[in-house]
Structure formats: C-alpha cells, structure tokens
Amino acid sequence: MPPALAVFALVAMSTLSSAQTPNAPPAPASPPLFATTKIADNVYVFRYGGHQSMFIATPEGVIATDPIAYQRPQAAQTYIAEIRKITPAPIKYLVYSHHHYDHIAGGKPFRDAGALVVAHKNARAKLEALKYPDVVLPDMVVDQYSTLEVGGMRVDLIYVGRNHSDNSLVMLLPKEKILFAVDFIPIQDVMWRDMPDSYLPDWFDSLDRVLALDFNVLIPGHPGPGGRMGTKDDVRAAKQYLTDLSNATRELADQGKCFDDAMKSLKLPKYENWPSYGRYLPGNIERFCEYWGRGI
Ligand SMILES: [Zn+2]
C-alpha cells in the first residue's frame, strides 16, 4: 500500500473508533410531538404523540376523523390548525373509528367549527350511557354501511363486525385504495393488554372482512414501526398472530394451565421482535385463557 493511502486508512479507522462502532445504528432522533403527512391527493394523516387519524381536505370541504385529544385538548386545536394550513374550507364531518376515549375525546372544537359527528350506532349507544364529559355525542349513526362525499372525494364507512369493540367503523377511500382502521389491526405488534372490550371469535371474521376490501395502504390508529403505514400483509400477520396465540393458549387451557401458568410459560418467539411483545403478551394470553378456559 502506498504510504499516503496507509495514512488515510489509519485516519479513517481512528475516526470510526472515536465516533462509534461501524455497525452501531445512529441514535434515533425523538420524533416531533405532532406531524401531518400527505398520503395521496387530498388525503392526510395527522399524528399527535402515539395516536393518529386520517383527514380528507378539499377546497370544498373537509372530512376529519378521530380527534385524538384525550386529556390533551391542545391536540384537537393543533389538528384543526394543521387542516387550516391546507384549506380554509368548512370541516363538514368528524367520523369516530370506535368509541374508546383515547381516540375520540376532545371533539368539541370540530363541532364548534360546524362538523357533524358520525359514528357506528353501537358507539352512540355506549357513549350515551357513559356520558364522558369530553366526548361529543354523534349526530349521525351508521349501521352496516354509509358513504360520505366532499369535493369529489368519497369515503365509505363500513362496519366489519365486532372486534376490538362492537362499534369499529373502517373508512375506505375506494378510488385511492386507502383504508383507515383503528386498534384491531396493529402494524407488526401484539394486542393491547388483556384485549379489553374484545369479541372472540368475531375478531377473526372481522379481519377476513377487511381482507376482502380493495385497498393497498392501511392507515393505523397508532403509528407502525418507524412510522410506516400498513398493507394487506400486515392484516394477514395480525390474523396469524391471533391464530397462533389462540391455538397455543387452547392447548394450555385443555391441560388446565390457564390462567397463571399459561401467562408465565407461553412464549411465541416468532413475534418477540414486535415492540409490545414483552409487555403485553401475558395479557393477550389471559384473554384467550378466558375464551378457551372459561368460554368467556
Ligand atoms: Zn380502542
């Protein structure tokens, strides 16, 4: 090696060793508190913290979904401010994905701006009974199917059966082939805690009904790994996870190992890289122990 090159190689090596080992990934920058991302013409995703929501903004009007402002009213104000950066057009609708507060609390500024609030009929029944002070009750309800149009954009509101609640509406943009579905199809992750408010085995049917819809991009209610959107493969992966979890838990239930033994001993290493695996797998097992061990 000529002397000049040798010196260069030494410098390069010492630079690497003083900075970081060559194979270590750079430290991830913490994401900003909120962000708005354009997904297609007139279609956006608004993320605030760990929640997100789709909105359609056209020069003739806006369709917003989940306000995601539970215990943080500033999230709804920010959401509206982000819409206003795109268009001054009226916010005509605010559609709830399902009735859980972390997604739908804080809708008042949308109502004050003139939006009609839309939800599944079972969501309105739940919310009327619960009377949570920071949730605006729906003005319009959907049973199996409805469609909204604004500025030439069409959004189909589809009930795909009971899953993570009895009132999830998925929102399909048929032309753009985009689907917004919240909480019952995590992107590369296990389910939340012990899957409260869940319906088994309906959840599986619900995933099949989603797979039968025509879409390429799945917008989740919580950002996927690295903030990515999902695809039908993510729906298949979620269904496979629930299937593997169900089969494994059923075996343990039949051996009388539900609840505590199963929750401690059952591992599903295929999914150990999913972010909430360590934290929530035992809760997920508990839910299937209830089902297979007690018929609940
Ligand atoms: Zn939920």
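## The disulfide

In this predicted model, Cys-258 and Cys-289 are joined by a disulfide, with the two sulfur atoms 2.0 Å from each other. The count of disulfides comes to one. If the term is new to you, a disulfide is a covalent bond between the sulfur atoms of two cysteines.

Where do the two cysteines sit? Cys-258 is in the loop between α7 (232-254) and α8 (260-265), while Cys-289 belongs to helix α9 (residues 277-294), so the pair ties together parts that are 31 residues apart in sequence. The torsion about the S-S bond is about -75°, so this disulfide is left-handed. As for exposure, Cys-258 is partly exposed, with a relative accessible area of 22%, whereas Cys-289 is buried at 0%.

## Around the loop between α7 and α8

Stay in that loop for a moment, and you'll also find Gly-256 there. Gly-256 counts as exposed, with 59% relative accessibility. Its C-alpha atom is 9.9 Å from that of Cys-289, although the two residues are 33 residues apart along the chain.

Phe-259 is in the loop between α7 and α8 as well. The peptide bond leading from Cys-258 to Phe-259 is cis, and its omega is near 10°. Most peptide bonds are trans, for comparison.

## The zinc site

Now for the metal. Which residues hold the zinc ion? It is coordinated by His-98 through NE2, His-100 through ND1, His-164 through NE2 and Asp-183 through OD, at 2.0 to 2.2 Å. Along the sequence, these donor residues follow the spacing H-x1-H-x63-H-x18-D. His-98 comes from the loop between β5 (91-95) and α3 (101-104), and Asp-183 from the loop between β11 (178-181) and α6 (202-211), so this pair ties together parts that are 85 residues apart in sequence.

The angles among the four donor atoms run from 87 to 176°, and the site is irregular. A tetrahedral site would need all its angles between 85 and 135 degrees, and the upper end here, 176°, rules that out because it lies outside that range. Both His-98 and Asp-183 are buried.

## The loop between β11 and α6

Asp-183 has another feature to look at: its phi is near 75°, a positive value in a residue other than glycine. At 16% relative accessibility, Asp-183 counts as buried. Asp-197 also lies in the loop between β11 and α6, and its phi is positive too, about 65°, although Asp-197 is not a glycine. Asp-197 is partly exposed, at 28% relative accessibility.

Pro-201 is in this loop too. A cis peptide bond, with omega about 5°, links Leu-200 to Pro-201.

## Helices and the whole chain

How do α6 and α7 pack? Their axes are 10 Å apart and meet at an angle of about 160°. That makes α6 roughly antiparallel to α7. The crossing of α6 past α7 is left-handed.

Elsewhere, Glu-128 is part of helix α5 (residues 121-130) and is partly exposed, at 40% relative accessibility. The C-alpha atoms of Glu-128 and Pro-138 are 9.3 Å apart, with the two residues 10 residues apart along the chain.

Stepping back, the protein chain has nine helices and 12 strands. Its C-alpha atoms fill a box of roughly 80 × 60 × 35 Å along the principal axes. Of the 296 residues in the chain, 48% are buried.

Methods:
Residues numbered from 1 in each chain as written. Predicted model: local features only at pLDDT ≥ 70, side-chain atom pairs only at ≥ 80, totals over all residues. Heavy atoms only, no water. Donors = N, O, S within 2.8 Å, 3.2 Å for Na, K, Ca; no water. Tetrahedral: all angles 85-135°; square planar, octahedral: opposite > 155°, others 65-115°. Helix = DSSP H or I, 4+ residues; strand = E, 2+ residues; numbered from the N terminus. Buried < 20%, exposed > 50% of the residue type's maximum accessible area, 1.4 Å probe, protein only. Disulfide = S-S within 2.5 Å. Axes fitted to C-alpha atoms, helices over the stretch in contact; angles between N-to-C directions. Parallel < 35°, antiparallel > 145°, perpendicular 65-115°, else oblique. Left-handed = near helix turned anticlockwise from the far one by under 90°.
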